Amino acid sequence: MIEAAEPENSREWSDPEVHEGRLGPIFEDFAFFFSRVLVLFCPQSAVDLRSFACEAGAAGNSCIKDLSLGCVLFVVPVLTKLEVESKVREKNFRCCGAMTYFPDEVVEHIFDFLSSHRDRNNVSTVCKAWYLVEQLSRLRVFVGNCYAVRPERVMARFPGMKCLTVKGKPHFADFNLVPHDWGGDALPWIETAARCCPGLEELRLKRMVVSDESLELLARAFPNFKSLVLISCEGFSTDGLAEIATHCRGLRELDLQENEVEDHGRQWLSCFPDSCTSLVSLNFACLKGEVNTSALERLVARCQNLRCLKLNRAISIESLIKILARAPNLVELGTGSFTADHRTEAYQNLLNAFYKCNSIRNLSGFWDAAPRYLQAIYSICSSLTVLNLSYAPAIQVNDLIKMIRHCFKLQKLWVLDSIGDKGLAAVACACKELQELRVFPSDVYGTGIAAVTEEGLVAISSGCPKLNSLLYFCHQMTNAALITVAKNCPHFTRFRLCILDPVKPDPISNEPLDEGFGAIVKSCKDLKRLSLSGLLTDKVFLYIGMYASRLEMLSIAFAGESDKGMVYVLNGCKNLKKLEIRDSPFGDAALLENVGKYETMRSLWMSSCDVTQGGCKALAAKMPRLNVEVINEREESDEMVENPSDMHRVEKMYVYRTLTGPRDDAPDFVWTF
Amino acid sequence: MELELGLSLPSSDMMMEKRIKTNFCKKRSFDEVLDEKTVTLPLFLQREEDGHGNSDSELNYGGGRVIVGWPPVKLPRRRTNCVKVNMEGIAIGRKVDLSLHDSYQALFRTLYMMFPKKHEDLTYAHVRRTEEEDGGCDYKVTYEDEDGDWMLVGDVPWEAFIMSAKRLRIIN
């Protein structure tokens, strides 16, 4: 047995790093003891280990994760080496010594089992040796804010990078709050990767500007490129897609989610060469233009491994039938428009086509679905785990209910609010496995016939105890309902409620919704994401600061009464990463109350609040490692804009931590203080 | 005709009203009208008056709600509201999506870009100055409403306009 190093000051250390990860069967019966923590994993039953861990002082201070093969990894704070060794011997676990005595390859192998980028970030800070091992072995790199770090620096640190994820614009860009040419250009990342990491295989971009030029470079510079995922991006056209189709040999995945793509009419889909047989996933649902359907059918036929296919609205039922005939092994399907000319034989063919597709678990599309065609999918409803009907306003409630009754394995459901409380009650009865529900508004500019209310949500919460993720647009909500939901569903990790009238109180009591949201944050200890709406005072933020300790993202709109609200959140939520606020009365005092907090967060967005230019300048002066960006869209050319005073309120402010200093691609209307 | 947009809520709860006023009236040059229950806002002219005026989050509690970026749904989910636009004397028309605009100002901006006047350098500032000088501009924009009548654009509240406009026509 190798002598282990005595932990330094272990009794004084009160907040141990907690690491969790997956394990393989290789390292059985080993215990690693290094500096302050004991990492134990062995193929014993979880019960034995749990009791051992508790005895060793693990309760409350470590995380025990049950993994497959009966291996468990957990970390406990250790008092002395001797105590640990005696415990370990007692239970017949073998114990080895300090991890620093193990060669790099062994350490690297252990790191292979850490897949989450946060775990890898954590282990890289333990000591220099681990930093070096980790950086050379990291394959998947995640950059949450493209302006926080330069691409060169990322790629110099992780030369073995195979998969890169980069996010650009702030979240509120989704709702037109960020001007069009704000930034987030993907080209520097692709150019640098082309130079430094030509082995790149996967690229995932979210809210970035991707030009056709970037796509062309991407298509040509990476011989092993396999997967491109673009989410909420813009700036490219079907020409860029044609480049990808033409030049990426061995492409496995092309996933376009909710992008704005210009249709240049070029037959990009026909550009996939006959030799392309590798596609596993193809999603072009967001494209508006037509594609060459016979090219699509041939492509589907030769890609035998295709498991995910999401068609756009231009694809009719006739084409869908032909495609399904060639791809009976699909697991995920986006159906296209789901409408046909008035020919009755289409229905029978459709029924037969779906009958053969018994692998489908995920369905979406249905843009123009007519009720009679909907019946064709009843045969597969009972195996569905994901159903997205949120782009299908044509489906009526009663047809929806008829379909939902068959979907007893459903885990994720996205619908329009035309489902009504009645429809939600049907979901609550049928879908006992439901984990995620999203109810979108169908009548965005309408006068608001009350489609879903608090009743629907309460029904879901009592019928679907596994519910952990919610996005709910409704016309009204009550405190009583939220309190009931909190009691029924304590496992929420994402809770986003949007009452369409932004400052509406509880319609029964006329009170603000502070107590309701307070109940949610108190009950749902794992809550990571929260969006508020309705009439709210500072009190709700007091509750959030007090109880939402795992909260990472908070969205606030038209809420609060004073600076105190924002301060409660900044001082309370220790895991907060993203805070976005609009139209709320928080000003400079709140902004400057806890400036150090912003370096622990990814970003802060404030628009139409009471923050002034002077406040932004003060923040920038105190915190040089933040970029304090102010967006000025005023178009007057008067002195007010050229020399605005510090008392001048800023419309939009975006603050984020960065290693790079002010960005060099900021447009005229973005000022960095 | 001046448009009056009431910032008082339909409910008679004074507490809430006060809160809303505190939140949203306490802005910019509207400070001086805090004493009044309702605020009269000229909708699309003289916006330069309130130097720090924020037209971005204009609230209208009259009956329709037009708040930029609210409700928070992504673009593909918003119902598009495209209407054809023709200009007198030009054979080829254009299409404009009214749902992407939050005011007459924004619409005119788009129209001027689509149908620029010849021989003029059309910066937005220039366009707006022209607008307030003439009380209109060289060309007038009309629309066909649900009844089939041709009306001058700008008379009704924006949200009423976008729901009733079927087609636009620009007259020299």
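**View 1. Helix H19 of chain A in its surroundings.** In this predicted model, helix H19 (residues 514-523) of chain A is largely enclosed by the rest of the structure, because seven of its 10 residues are buried. The buried positions of H19(A) are Asp514(A), Gly516(A), Phe517(A), Gly518(A), Ala519(A), Ile520(A) and Val521(A). These buried residues pack against two helices of chain A, H18 (479-488) and H20 (538-547), and against two strands of that chain, E20 (494-499) and E21 (529-531).

**View 2. The nonpolar cores.** The largest nonpolar core comprises 184 residues, and those with the most contacts inside it are Phe338(A), Phe366(A), Phe495(A) and Ile544(A). Helix H11 (residues 317-326) of chain A gives the most to this core, contributing five residues. A second core, separate from this one and made up of 22 residues, includes Phe108(B), Phe115(B), Trp158(B) and Ala165(B).

**View 3. The contacts of Phe366(A).** When neighbours within four places in sequence are left aside, the residues in contact with Phe366(A) include Thr335(A), Gly336(A), Ser337(A) and Phe338(A). Further along the chain, Phe366(A) is also in contact with residues including Leu374(A), Ile377(A), Leu387(A), Leu389(A), Tyr391(A) and Ile395(A).

**View 4. Cysteines without a disulfide.** A search of the whole structure finds zero disulfides over all chains. The sulfur of Cys163(A) lies 12 Å from the closest cysteine sulfur, that of Cys197(A), which is too far for a bond; Cys163(A) is buried, with a relative accessible area of 3%. Cys248(A) is likewise in no disulfide, the nearest cysteine sulfur being that of Cys276(A), 9.6 Å away, and Cys248(A) is buried, with a relative accessible area of 5%.

Note on methods:
Residues numbered from 1 in each chain as written. Chains lettered and ligands numbered in written order. Predicted model: local features only at pLDDT ≥ 70, side-chain atom pairs only at ≥ 80, totals over all residues. Heavy atoms only, no water. Core = buried A, V, L, I, M, F, W, Y, C linked by side-chain atoms within 4.5 Å. Buried < 20%, exposed > 50% of the residue type's maximum accessible area, 1.4 Å probe, protein only. Helix = DSSP H or I, 4+ residues; strand = E, 2+ residues; numbered from the N terminus. Contact = heavy atoms within 4.5 Å. Disulfide = S-S within 2.5 Å.
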